Amino acid sequence: MEAECRRAVELGIPAVAFTEHVDFTDWGARDTPPAGMAIGMRRGVAPLDVEGYLADIARCRDMFPTLRILSGIEAGEPHWFSESVASVLAAGEFDRVLGSLHGIPVAGTLEGIDRRLFARHDPHELVNRYFSDMVALIEQSSVFTVLAHCDYPRRYWPADRAGAYREADFEEHYRTVFRALAASGRALEINTKSPLASVDLVRWWWQEGGAAVSFGSDAHEPGNIGRRFGVAVDIVEAAGFRPGRDRFDFWRR
Ligand SMILES: [Fe+2]
């Protein structure tokens, strides 16, 4: 975290948010998964040490007084893990909550989306299902304020057998997701780890009533802080959005 803050200051980035992944390997007693759904193998998922995490945030805030440092989480499938996510949020103070979908149910098991999953399915059908689940996520969870990487599966799209990923193949799905998100007044993340959104795609967000955009480098490592933000800003601007109220705000219409 310290190295990431140092890098952000070097780059002149005014604020960073450390949105720790919050995923679970078991259902909580009051979670609301589809009936009978199991959770597939999730390597590396461990409970968030909220106290240790917030202590690190506090230490970094002391060390880098000119940088605005937001605490936060990236809640995975928050519509199904609602109670489990709520209990993490109740354990500390979190400034920013991302909502994200990394998996979909396959034959009764929640499976992470990756190249292996694509290898076993029709790629268009898989992405169609992803978008349908994302609409449910948006409609059923109010815990997050920013939707992370709205088309996460494109990172693993099998271009070798399916041809290049074409946003236009999924335009109606994107628009349905964007309408639902806009109706709930939340922001869309432009994720610069994923293949970059086109101007057309961000314009669909605008056209469906989207009011705000956030920039996420999904960095995980110091060297990735602010990656491709220059291009991302150009794309968002070309779609009609402008800087918000101050340097810390979302970009807005
Ligand atoms: Fe993510």
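Let me start with serine 217. Serine 217 is buried, at 10% relative accessible area. Its place is the loop between E9 and H9. Set aside the neighbours within four places in sequence, and serine 217 still contacts Thr192, Lys193, Asn224, Ile225, Gly226, Arg227 and Phe229. One caution before I go on: this is a predicted model.

Next, aspartate 218. This residue sits in the loop between E9 and H9. Its phi is near 50°, so we have a positive value in a residue other than glycine. Is aspartate 218 buried or exposed? The relative accessibility is 17%, and buried means under 20%, so aspartate 218 counts as buried.

There is another positive phi to look at. Glutamate 77 is not a glycine, yet its phi is about 45°. You will find glutamate 77 in the loop between E3 and helix H3, residues 82-89. Its relative accessible area is 0%, so glutamate 77 is buried.

Now the metal. Which residues hold the protein donors of the iron ion? They are Glu74, through OE, and His102 and His149, each through NE2. Those donors lie 2.1 to 2.3 Å from the iron ion. Along the chain, the spacing reads E-x27-H-x46-H. Glutamate 74 is in strand E3, residues 68-76. Histidine 102 is in the loop between strand E4, 96-100, and strand E5, 103-106. So the pair ties together parts that are 28 residues apart in sequence. Glutamate 74 and histidine 102 are both buried.

On to the pockets. The largest pocket has a volume of about 1,200 Å³. It is lined by 43 residues, and the closest to its centre are Ala15, Val16, Ala17, Phe215 and Phe229. You met Phe229 a moment ago, as a contact of serine 217. Which elements each supply at least two residues of this lining? Strand E1 (15-22), E3, E4, strand E8 (187-191), strand E9 (212-216) and helix H9 (229-238). E1 gives the largest share, seven residues. By class, the lining of the largest pocket has 21 nonpolar, eleven polar and eleven charged residues.

The second largest pocket holds about 850 Å³ of space. Here 30 residues form the lining, and the closest to the centre are Arg42, Arg43, Val45, His102 and Tyr152. Note His102 in that list. His102 is also one of the iron donors. Two elements give two or more residues to this lining: strand E6, 109-112, and H4. The largest share is three residues, from E6. By class, the second largest pocket is lined by ten nonpolar, eight polar and twelve charged residues.

Last stop, helix H5, residues 123-140. How far should its 18 residues span? At 1.5 Å a residue, the expected span is 26 Å. The end C-alpha atoms are 26 Å apart, so the two agree. Its buried residues include Leu126, Val127, Tyr130, Phe131 and Met134. Asp133 is buried in H5 too. What do the buried residues of H5 pack against? E4, E5, helix H4 (115-119), strand E7 (146-147), helix H6 (159-162) and helix H7 (171-183). H4 came up before, as a contributor to the lining of the second largest pocket. E4 came up as well, in the lining of the largest pocket.

Conventions: Residues numbered from 1 in each chain as written. Predicted model: local features only at pLDDT ≥ 70, side-chain atom pairs only at ≥ 80, totals over all residues. Heavy atoms only, no water. Donors = N, O, S within 2.8 Å, 3.2 Å for Na, K, Ca; no water. Helix = DSSP H or I, 4+ residues; strand = E, 2+ residues; numbered from the N terminus. Buried < 20%, exposed > 50% of the residue type's maximum accessible area, 1.4 Å probe, protein only. Expected span 1.5 Å × (residues − 1). Contact = heavy atoms within 4.5 Å. 1 Å grid on protein atoms, 1.4 Å probe; cavity = no way out; pocket = protein on both sides within 12 Å on 5 of 7 lines; lining within 4 Å. Points joined across faces, edges and corners; volume = space filled by probe spheres on them. Nonpolar A, V, L, I, M, F, W, Y, C, P; charged D, E, K, R; others polar.
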